[in-house]
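Please walk me through this structure, taking its helices, strands and aromatic rings in turn. Keep it brisk.

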Amino acid sequence: MSTRAENVAALRASYAELVPGQKVEAGLFRPEDAPGVGRLFLQVYGDDYPVDEPYVPEMLTEANATGRIHTIIVRVPDGSIVGQGAIFRSSPPNTRMYEYGQMLVDKAYRNSFAAYRLHQYASKNMFGKLPGIDALYGEAVCHHIITQKMSVAVDFFECGLELGLMPEAAYAGEGVDGRVSCLLHIRLDDVGQGPLAIPACWREQIEATLPTWPLVRSVSVSGPEVAAPAGSVSDMDVRHFDFAGVTRVQVAAIGADFAQCVARDIAAAKQRDYAVVQFFVSLGQGWTGQAAETLRQAGGFFAGFFPQWFGTEGSGPDALLVQLYLKPIKLAPVMANAERGATVIRRVVADMLRAGREFGAPLASPLPDMDTLAKPGGKSSD
């Protein structure tokens with residue numbers, strides 16, 4: 001198999017601009033499409049995209065054959081690939097929850113129907129119909145509302161905000177100034193029954209989000225006085241993303257060593273000079289309240305509630321997202337397509353400001369104008 005470096009070099013050598021104005025048509029990935037997909041990623045991300053599959057034809061073909069990725073392609077009559085999107089395994093530990101994203105359109109076709117055809121194909125032929133997938137999630141950028149509009153039209157519901165997640169360099173050429181925020185949306189196609197231990201310190205935020213889906217949960221409230229069993233060990237998967245300046249921690253189990261693990265992971269992110277740390281915390285154990293309090297006192301703020309993020313089926317456990325900053329960050333504009341998304345943004349921003357007041361935590365700015373957030377032309381303000 002050829003290496004990533006070899007393929008990137010070949011893509012650079014063969015790169016050519018596409019003939020604009022051709023009729024676009026969407027369909028499923030075919031092995032011969034792989035070089036065209038690699039060309040798109042090279043155009044948009046250079047060689048900085050953090051996974052290898054888009055650049056290596058054999059890997060992308062194998063991932064589609066095994067169902068780890070379901071790539072959708074937009075073609076034109078001369079055979080060129082002008083757009084692509086995917087349903088793929090990514091962050092959620094639940095292997096039956098896939099991400100819907102990676103939407104890329106060649107610069108010559110960004111004013112065409114390419115993105116619409118891609119999304120239309122996915123919604124008609126793939127959503128709720130792919131074997132082994134119970135739920136989909138997506139990250140819709142907030143410096144424009146196009147992706148948000150596409151998501152809510154097909155039963156994706158806003159449930160969290162990654163405020164200042166991505167560096168502006170990830171959107172070079174789009175005129176972005178500051179770190180880009182993403183609204184998280186989740187679509188559930190299979191809702192199971194399971195326990196949900198709501199941390200007392202973020203009870204209001206989680207209970208406000210719960211009615212978004214017809215979940216069946218045995219709900220309890222966990223206070224900070226309930227400790228994990230003595231000697232228990234946390235199950236935490238830690239990933240560092242150098243390009244984004246983000247550490248992401250998946251907490252599948254909260255042990256007696258949780259506070260020490262949190263301090264270790266925050267210190268490691270500081271050593272890397274990162275901007276953002278995220279903790280996705282399983283809410284299936286009765287001592288979530290103490291874990292949440294640890295994160296709150298570390299400067300963390302509520303950033304979302306995600307059903308079925310953990311586990312292997314619709315019963316969950318669900319997840320709490322807590323985010324914190326290691327330095328003050330500059331935000332790109334934050335916009336919402338509709339009031340429901342604006343409500344999520346207000347909820348997260350309010351708790352970020354609370355973290356600053358209570359613990360002197362670094363903050364993100366400029367903040368969106370809360371009165372015009374979901375209105376056309378709403379902009380950020382100092």
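Start with the rings. Phe41, Tyr45, Tyr49 and Tyr55 are joined into a cluster by ring pairs. The model is a predicted one. Across it there are 14 aromatic pairs. Phe41 and Tyr49 make one of them, edge-to-face, with 4.9 Å from centre to centre and 70° between the planes. Both Phe41 and Tyr49 are buried.

Another pair brings together Phe127 and Phe156. Its geometry is also given by two values. A pair of aromatic rings is described by the distance of the centres and the angle of the planes. For Phe127 and Phe156 the centres are 5.5 Å apart and the planes meet at 70°, an edge-to-face arrangement. Phe127 sits in the loop between helix H4 (114-125) and strand E5 (135-141), and Phe156 in the loop between helix H5 (146-152) and strand E6 (157-166), so the pair ties together parts that are 29 residues apart in sequence. Phe127 is buried, and Phe156 is buried too.

Now go back to Phe41. This residue is among the buried residues of helix H2, along with Ala34, Gly36, Val37, Gly38, Arg39, Leu40, Leu42 and Gln43. Nine of the twelve residues of H2 are buried, so the helix is largely enclosed by the rest of the structure. What do the buried residues of H2 pack against? Two helices and three strands take part: H1 (4-14) and H3 (57-66), with E2 (69-75), E3 (81-88) and E4 (97-105). The length of H2 can be checked too. Its twelve residues, 34-45, should span 16 Å at 1.5 Å a residue, and the end C-alpha atoms are 16 Å apart, which agrees. After H2 comes Gly46, with a positive phi near 65°.

Helix H7 passes the same kind of check. Its 14 residues, 258-271, should span 20 Å at 1.5 Å a residue, and 20 Å separates its end C-alpha atoms, in agreement. Which residues of H7 are buried? They are Phe258, Cys261, Val262, Asp265, Ile266 and Ala269. Viewed down the axis of H7, these buried residues fall within an arc of 130°, so they line one face of the helix. The general rule behind such a pattern is simple. An α-helix has 3.6 residues a turn, so residues three or four places apart point the same way. On the face of H7 turned away from the buried side are the exposed residues Gln260, Lys270 and Gln271. The buried residues of H7 pack against strands E10 (235-241), E11 (246-253), E12 (276-282) and E14 (319-325), and against helix H8 (288-297). Asp273 follows H7, and its phi is positive, near 60°.

H7 also belongs to a larger motif. Together, E11, H7 and E12 make a right-handed β-α-β unit. E11 and E12 run parallel and are joined by six bridges. Arg248 stands opposite Gln278 of E12. E12 has a second partner, E14, with which it pairs in the antiparallel sense over seven bridges. There, Tyr325 in E14 is the bridge partner of Val276.

Finally, look at how E12 is covered. Seven of its seven residues are buried. Val276, Gln278, Phe280 and Ser282 point one way from the strand, while Val277, Phe279 and Val281 point the other way, and all are buried.

Technical notes: Residues numbered from 1 in each chain as written. Predicted model: local features only at pLDDT ≥ 70, side-chain atom pairs only at ≥ 80, totals over all residues. Heavy atoms only, no water. Helix = DSSP H or I, 4+ residues; strand = E, 2+ residues; numbered from the N terminus. Expected span 1.5 Å × (residues − 1). Buried < 20%, exposed > 50% of the residue type's maximum accessible area, 1.4 Å probe, protein only. Arc of directions from axis to C-beta. Contact = heavy atoms within 4.5 Å. Pairing = 2+ DSSP bridges. Right-handed = clockwise from strand over helix to strand, strands pointing away. Phe/Tyr/Trp six-rings, centres within 6.5 Å; stacked < 30°, edge-to-face > 60°.
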